[in-house]
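This report concerns the cysteines of one protein model and the bonds between their sulfur atoms. The structure is shown first, and the account follows.

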Amino acid sequence: MMKRYATLFVMALSLSALVASSCSKSQKEDPEPEPSDGRPELIADRTEIMADGVDCVNFTVMLDGVDITSEEGVTICSSAGLCMIPFGGKFSFSTKIPGEYDFTASYLGQESLPVTVTVVPDQSENPDPSTFDPSKEFHKNVLFTAFTATWCGTCYGKYKNPMAEYLQDETHADHIIQMDIHVEDEIDNTQLSYDLIADLDADGRWSVRTLPGIIVDFRREFTNPSDDWIYCMGFSPLTAISAESSYNGGSATVNVSLGVKEAGEYRLVAALLEDNIIAYQSSYGEGYNHNNVLRAISDGGIFGDGDITMDAWEEIQRSFSFDVDESLCNVSNLAVVIYSLRHEDGVIVADNSIRLQLGKSLDYRYE
């Protein structure tokens, strides 16, 4: 992953002191000044920088025409009372927080006039989020695929209860995508899930013989949301996904862009999920609210329809379409889930995933 950091200094207002570093060529050494009771002069080599933590301003402190920047006792502080710590007798300032910062220099009890530095928003930060930027760190979502059923008395106690509790923390919710595949179920139009179990078995690693069968990123079987989330978040995603979706008279269309960091073989899968299905659930009775229910999936099932060969930093586009029977589902409750797959150590794993409501779009997400 590629991030930009200041070579010698990154400053944040939450720190107890401002830290200084050098971001330009070394300044020439000046002769030691004679003691003076005059007011020091603070000079900035620039008064506007970008809030990227790298761009910086260098300060010089003069007294009676002599550079005293490196003299013991010279301090440079902000109007908030936070003082810099010099590196090699040199003072520099950078930050990732836009705004105006006032600085003054002090020496032998005398204080300079203030100098204002304006920090402008980082214009280099991808102004168009729909544009793929492989130099950034991709936002990661963990895919929880649950094989379940309304007639399964233990499914929702084992899976849904701990998941619901875990998702109360939005930090986790923002990195988790759920997809519930109802097996030979009483909810209409989900019989395709039987074929998906055969597809899962064909991978050679997973076998769903009893419900619930829960696979996380196709890396491991479900243990608990916390352990699974922490484990899968340890694999930095190589793919980023953006999408736009539309619906018109019984037909749903999803246009997907996939960008990758590394060359390799990848796959894309798109699925339609429905929320707020009020139906029977064993152990809970009538009126249970079912969410994330798989209604349709793209060709090839849960492992996709063949590999897509991609070069490093390449971006490709794919389109998916689905027929929607409005007598069987509520279109306003439909969402689109798209996930990317890649080969890792001889098996296929889910690299990343996104979710958006049908009719909406979602740009690439970065950390």
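## Cysteines and disulfides

Cys155 is buried, at a relative accessible area of 1%. The model in which this value was computed is a predicted one. The partner of Cys155 is Cys152, and the sulfur atoms of this disulfide lie 2.1 Å apart. Cys152 also counts as buried, with 6% relative accessibility. The link of Cys152 and Cys155 is right-handed, with 95 degrees about the S-S bond.

A search of the whole structure gives two disulfides. Besides the pair just described, Cys77 is joined to Cys83, with an S to S distance of 1.9 Å. This link, too, is right-handed, and the angle about the S-S bond of Cys77 and Cys83 is 95 degrees. Cys77 is buried, its relative accessible area being 16%, whereas Cys83 is partly exposed at 30%. The assignment of Cys77 as buried follows because the class takes in values under 20%. Cys83 is placed in the partly exposed class because its 30% lies between the limits of 20% and 50%.

The bond itself can be stated in general terms: a disulfide links the sulfur atoms of two cysteines covalently.

Two further cysteines may be described by their accessibility. Cys232 is buried, with a relative accessible area of 0%. Cys329 is buried as well, with a value of 14%.

The geometry of the disulfides is set out below.

| Disulfide | S to S distance | Angle about the S-S bond |
|---|---|---|
| Cys77 and Cys83 | 1.9 Å | 95 degrees |
| Cys152 and Cys155 | 2.1 Å | 95 degrees |

Definitions and conventions:
Residues numbered from 1 in each chain as written. Predicted model: local features only at pLDDT ≥ 70, side-chain atom pairs only at ≥ 80, totals over all residues. Heavy atoms only, no water. Disulfide = S-S within 2.5 Å. Buried < 20%, exposed > 50% of the residue type's maximum accessible area, 1.4 Å probe, protein only.
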